[in-house]
Amino acid sequence: MAVPSTTQTAPGTAEGPVIEVRNLGIEFQQNRKRRLSVREMLFTGRSSSPAGTFWALKDVSFDVSAGEGVGLIGANGCGKSTLLRLVAGVMLPDTGTVTVRQGVAPLIELTGGFLGDLTARDNIYLTAGLHGLSREQVEERFDEIVDFAEVRDRLDTPFRHYSSGMQVRLGFAVVTTLDEPVILVDEVLAVGDRAFREKCYTRMEELIGAGRTLLFVSHSEKDLKRFCTRGIYLRKGEVVADGGIEESFKAYVKDSDKASGK
Amino acid sequence: MLMLDRGRELVERRRILWLLVVRDLKVRYSSSALGYVWTILDPLMMALVYWLVFGFIFDGSKRGIQPYILFLVVGVLAWQWFNGGVMDTTRALQQESKLVRSTNLPREIWVVKIVLAKGAEFLFSLPVIVLFMIRYRTPPTWDTLWALPAALVLQAVLITGIGLALSAVTVLVTDMQRVVRILLRVLFYLTPVVYSIHVLPHAFLRDVMAVNPMTGVIDLYRRCVFPSTELGWHVPAISAVVTLVIFLLGSALFRRLEPAVLKEL
């Protein structure tokens, strides 16, 4: 059996699907027992209380090819966000493999890189740098980022004085200026006021139009149909439907109607 | 081999590492009014207290090398890097949990950047030692040329090793932070900071002390200021070996706990 792994190869080095997910599984502890059994883990390498665990994802396999827009559909807690994190490489699988063959721009926890004590200007350089841009590249895009987030008159204000909506706007502006060909979006579009949301949509459409690959988590039918051509429906960590966005969404609606009808 | 891979990844990302170190220092110095003064004031006050207690009240000046205050300052500053580094790396992953969860960098970077930022603060505080050396007309020894870089590298590797182990374990066992705080306090007195390793009567006891890697590190720093004594090189040598073992164990433990840690963050 293959060793569980997450591989992110340098852009343009290999052929095949951009994202390759094989037999992916990840197991979580249901209770807080893990914290007690650490000593056990150190010596045996595993915890001995299997009763308290559940598989957030089980035997998930799919390929995404370049330029595809894929929506992840499912009820709360079905493993969508976990799957996105595994693809982003910020979580490690217990079974199976994730291979991502191109660079990734993760729109997950957008404001995570920002520091309240520094000014917005410093924060832009920092966050863009963390995602791999050099100082010159940031300078080149600085105006674009600032204009998009509409924060020009507040550039030298400490970041903690920003409203939460403005923080997210800045985060979105920075991450979407990255040149990475794969974009992962985790329900971040729901924030911000109406005008800004529309702006985000336009930016997303531009990115997709430019041939970026998109993996998209959302509960909004409208958003899913707008950006995605393909849908993967997850139920309790397993892939139930993988096909056109319409069909997959229909399967999801049918399931949730059945559940609420009971 | 995996460890080499991780090391290479970190080297490739050195620009990001540098960015994080600068960020830490920026936050440290921009969020307090006195900024740099704290970097030197804190250890200076501690040195002063030890000087009063152990130099006057107990009159233990024979237990160190003269001038005792200079002897203390060297030890206390080095200890402060160790103490601050270990305390902060313990919380490294939790403190940056949002970043750990949203950027795909080699996770070791969150520990290494703290070690380097604290190390930079230590370097910034070195002028204090120079001032004391001028005051007491103590020129640096020739050993400085290699003992100083060796001590810096050894200490950085040591804190990284300990930090890798503790940062991962702390995410899973939250009590760890309190345990570490107590252990550090005990370790302070087991390390020759306020006294010299020379006061130990037997060579064997000195070797036992050298198992604590900070003994060798501080010994190396002191060789830069005080002419070398009859002591050989085996104290730093033992400490270097122990440091290497700690580093390897720490990295292995970090890798082993990584998947579980990422789930808990």
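Let's start with a word we'll need right away: a residue is buried when its relative accessible area is under 20%, exposed when that area is over 50%, and partly exposed in between, using a 1.4 Å probe and protein chains only. By that yardstick, 52% of the 262 residues of chain A are buried.

Before going further, keep in mind that this is a predicted model, where local features need pLDDT of at least 70 and side-chain atom pairs count only at pLDDT 80 or more, while totals for chains, interfaces and linings use all residues. Residues are numbered from 1 along each chain as its sequence is written, chains are lettered from A and ligands numbered from 1 in the order in which they are written, and side-chain values use heavy atoms, with hydrogens and water left out.

Chain A has nine helices and ten strands; these are DSSP runs numbered from the N terminus, with helices being H or I of at least four residues and strands E of at least two. Now look at its contacts, meaning heavy atoms within 4.5 Å. Among those in chain A between residues at least 6 apart in sequence, 73% join residues at least 24 apart.

Next, how do the two chains meet? The size of an interface is often given as the accessible area lost when the parts come together. Here chain A and chain B bury about 3000 Å², 61% of it on carbon and sulfur atoms; that area is the accessible area (1.4 Å probe) lost on putting the two together, summed over both. Chain A brings 37 residues to the contact and chain B brings 31. Two salt bridges run between the chains, each a side-chain nitrogen of Lys or Arg within 4 Å of a carboxyl oxygen of Asp or Glu. In a salt bridge between Lys26(B) and Asp122(A), the N to O distance is 3.5 Å. On chain A's side, β2 (19-29), α1 (33-36), α2 (38-44), α3 (80-88) and α4 (120-130) each supply at least two residues, and α4(A) gives the largest share, five residues.

Over in chain B, try helix α10 (residues 203-210), whose buried residues are Arg206(B), Met209(B) and Ala210(B). Seen down the axis of α10(B), they fall within an arc of 100°, so they line one face of the helix; the arc is that of the directions from the helix axis to the C-beta atoms. Their cover includes α9 (176-190), α11 (213-225) and α12 (234-264) of chain B.

Finally, find Thr144(B) in helix α8 (residues 144-172) of chain B. Thr144(B) counts as buried because its relative accessibility is 17%. Leaving out residues up to four places away in sequence, Thr144(B) touches Pro149(B) and Cys224(B).
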